[in-house]
Amino acid sequence: MALVVAAGRLQHARALSTLAVVGGGAAGYFGAIEAAAGPAPLRKVKISGGGRCNPAREIAQGYPRGSRQLLGPLSAAFGPRDAAAWFRERGVNLKTEADGRMFPVTDSSQTVIDCLAAAARAAGVRCASTSPLIALARESHPESATMGFEIDVVSGSSGAPLQHAALAPPRGGGSGYTLSADFVLLATGSSREGYKWAEQLGHTISPPVPSLFTFTIRDPRIEGLAGVAVQDAEISLVPIEAPVPAAAAAPVTAGAAPEGAAAAAAAPPQQKRKAKAKRDPSLVQRGPVLITHSGVSGPAALKLSAFGARHLQRGGYKGAVVVNWVRGAAASEAEALAAFQKMRTASARREVATYCPLEQASVPKRLWKALVQHAGIGDNEQWGGCSNAKLAALARNAAACDLSVVGKGAFKDEFVTCGGVALENLDMKTMESRTVPGLHFAGEIVDVDGITGGYNFQSAWTTSWCAGHAIGSSAQQRQPQPQAQAVDT
Ligand SMILES: Cc1cc2nc3c(=O)[nH]c(=O)nc-3n(C[C@H](O)[C@H](O)[C@H](O)COP(=O)(O)OP(=O)(O)OC[C@H]3O[C@@H](n4cnc5c(N)ncnc54)[C@H](O)[C@@H]3O)c2cc1C
């Protein structure tokens with residue numbers, strides 16, 4: 001349910017300054033805490049370049065959208081090490097997994113929630129839960145000769161009403177209140193309302209589309225294999241603009257028409273050029289791929305969905321992905337075929353279905369058997385007796401397995417939204433709007449999204465830290481304006 005967080009009068013400000021934070025998620029809480037706590041007395045102590053910039057650069061690569069713009073804030077303002085230190089200082093002990101992801105030692109997200117709630121209370125942040133915001137408008141503050149904001153809030157059914165001097169009865173009557181604020185931090189995540197207010201206040205919204213989702217696939221080669229995972233696979237998206245192999249929907253069996261690279265070779269030159277031009281390295285991802293009841297998932301597949309989010313949306317989540325299940329041992333179909341051909345003499349008497357020669361690939365036995373069967377190779381057939389056509393079909397299934405995508409995971413199963421407030425509209429150092437002074441944005445509402453592994457929370461911490469500190473500094477700089485005196489002549 002919606003939540004408004006108001007970091008009431010900023011304690012450290014010289015003048016009466018009010019910040020209204022709309023959205024009580026990760027970014028909203030963090031921004032409110034940092035703004036209310038006030039600007040840091042000392043500039044951040046910087047560790048020399050090599051220690052910080054390179055990790056920041058690597059981390060920035062985890063953002064399909066916003067990587068270039070986020071690099072500065074990540075390296076110069078608030079990166080993953082700062083976030084870890086922030087939580088540790090507040091009593092959250094963290095552990096780092098082998099893949100670099102950090103978790104609280106309690107393995108419970110409640111630890112992080114409790115920490116944020118306690119830090120917010122300590123900083124004097126007031127929260128009004130279940131209070132959806134219904135309107136956000138600019139207003140002039142004649143007493144301070146500045147512009148501010150008016151926010152109409154519907155009283156929550158269960159949340160405590162916000163007690164604050166800047167509240168007034170709602171302009172249109174009825175239940176609720178109008179909150180007057182000098183600064184607003186919009187941190188409404190992927191809420192449609194947040195995008196609407198940002199747009200009404202003159203900002204461009206990159207169309208929001210889902211990111212980080214699973215692929216729904218119908219293909220007999222992976223049917224009944226839910227739960228099977230290949231640790232080192234490669235999955236690539238066949239861009240919708242490129243010619244999709246004609247037989248993408250059908251499993252390859254020996255003697256079937258050539259597909260994939262072979263089909264591309266057979267395509268007219270004009271189509272070939274188009275396919276080549278569309279090849280985007282980010283649409284090829286390597287890592288664990290998991291077969292599910294409805295298709296494929298796992299880190300590499302989710303990463304592909306993130307980098308291919310717009311391609312996939314344009315194509316109505318239909319098309320094809322090509323999986324190399326044996327990537328750890330063979331980089332291509334040709335390499336796999338060469339290895340299989342050697343088996344005809346090297347292990348002639350071994351059964352194909354029970355012996356995969358690409359040991360480094362560690363393909364689970366059930367998957368290997370399915371790939372062999374669907375290449376038209378019988379259960380007891382030996383390597384020595386396999387025809388060229390059968391080996392070619394097996395190489396295709398193993399290293400260039402084109403699977404027909406018929407959709408994406410169910411709506412709301414995706415983890416994050418691609419799109420949001422266009423970054424050109426924002427000063428990335430302060431996350432302030434370039435056109436509406438005092439209005440800041442943080443978290444998922446902005447056009448930054450990351451892959452799995454903590455990148456999205458990191459973006460929320462980094463952007464809200466920048467916003468919170470900028471608001472704190474601006475509030476501190478505001479001087480109280482002398483009251484106008486009426487002079488009677
Ligand atoms: C199932 C799932 C698992 C995830 N796991 C991870 C993970 O492991 N690591 C990672 O980095 N990221 C993860 N993410 C993504 C991450 O949770 C988000 O990127 C992050 O929470 C964004 O924070 P935010 O504050 O910008 O938005 P949100 O957390 O979505 O918060 C937005 C807030 O705004 C409020 N709001 C909306 N409209 C209004 C309104 N009209 N008035 C007032 N309030 C309003 C909402 O109620 C909400 O409280 C996951 C996401 C999901 C869905």
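Two strands count as paired here if DSSP finds at least two bridges between them. With that in mind, open the model, which is a predicted one.

**Stop 1: the barrel.** Select strands E12, E15, E14, E13, E16 and E17, in that order; these six strands form a closed barrel with antiparallel pairing. Neighbouring strands of this sheet are turned against each other by 50° on average, direction ignored.

**Stop 2: one strand pair.** Within the barrel, select residues 229-238, strand E13, and residues 284-291, strand E14. The two run antiparallel and are joined over six bridges. To find a matched position, label Val230, which stands opposite Val289 in E14.

**Stop 3: the helix on the sheet.** Keep E13 and E14 displayed and add helix H9, residues 299-307, which packs on the sheet. Besides E13 and E14, H9 touches strand E12 (215-217) and strand E15 (295-297). The direction of H9 makes about 125° with that of E14.

**Stop 4: helix H5.** Now select residues 109-122, the 14 residues of helix H5. From its first C-alpha to its last, H5 reaches 20 Å, close to the 20 Å expected at 1.5 Å a residue.

Which residues of H5 are buried? Colour Leu116, Ala119 and Ala120: these are buried. Turn the view to look down the axis of H5; the buried residues fall within an arc of 100°, so they line one face of the helix. In a second colour, show Gln110, Arg121 and Ala122, which are exposed on the other side of H5.

**Last stop: after the helix.** Move on past H5 to Gly124, which follows the helix and has a positive phi, near 80°.

Definitions and conventions
Residues are numbered from 1 along each chain as its sequence is written. This is a predicted model: local features need pLDDT of at least 70, side-chain atom pairs count only at pLDDT 80 or more; totals for chains, interfaces and linings use all residues. Helices (H or I, at least four residues) and strands (E, at least two) are DSSP runs, numbered from the N terminus. Axes are lines fitted to C-alpha atoms, for helices over the stretch in contact, and angles run from 0 to 180 degrees between N-to-C directions. Two residues are in contact if their C-beta atoms, placed from the backbone, lie within 7 Å. The expected span of a helix is 1.5 Å times one less than its number of residues. A residue is buried if 20 or more other C-beta atoms lie within 10 Å of its own, exposed if 12 or fewer, and partly exposed in between; C-beta atoms are placed from the backbone. The arc is that of the directions from the helix axis to the C-beta atoms.
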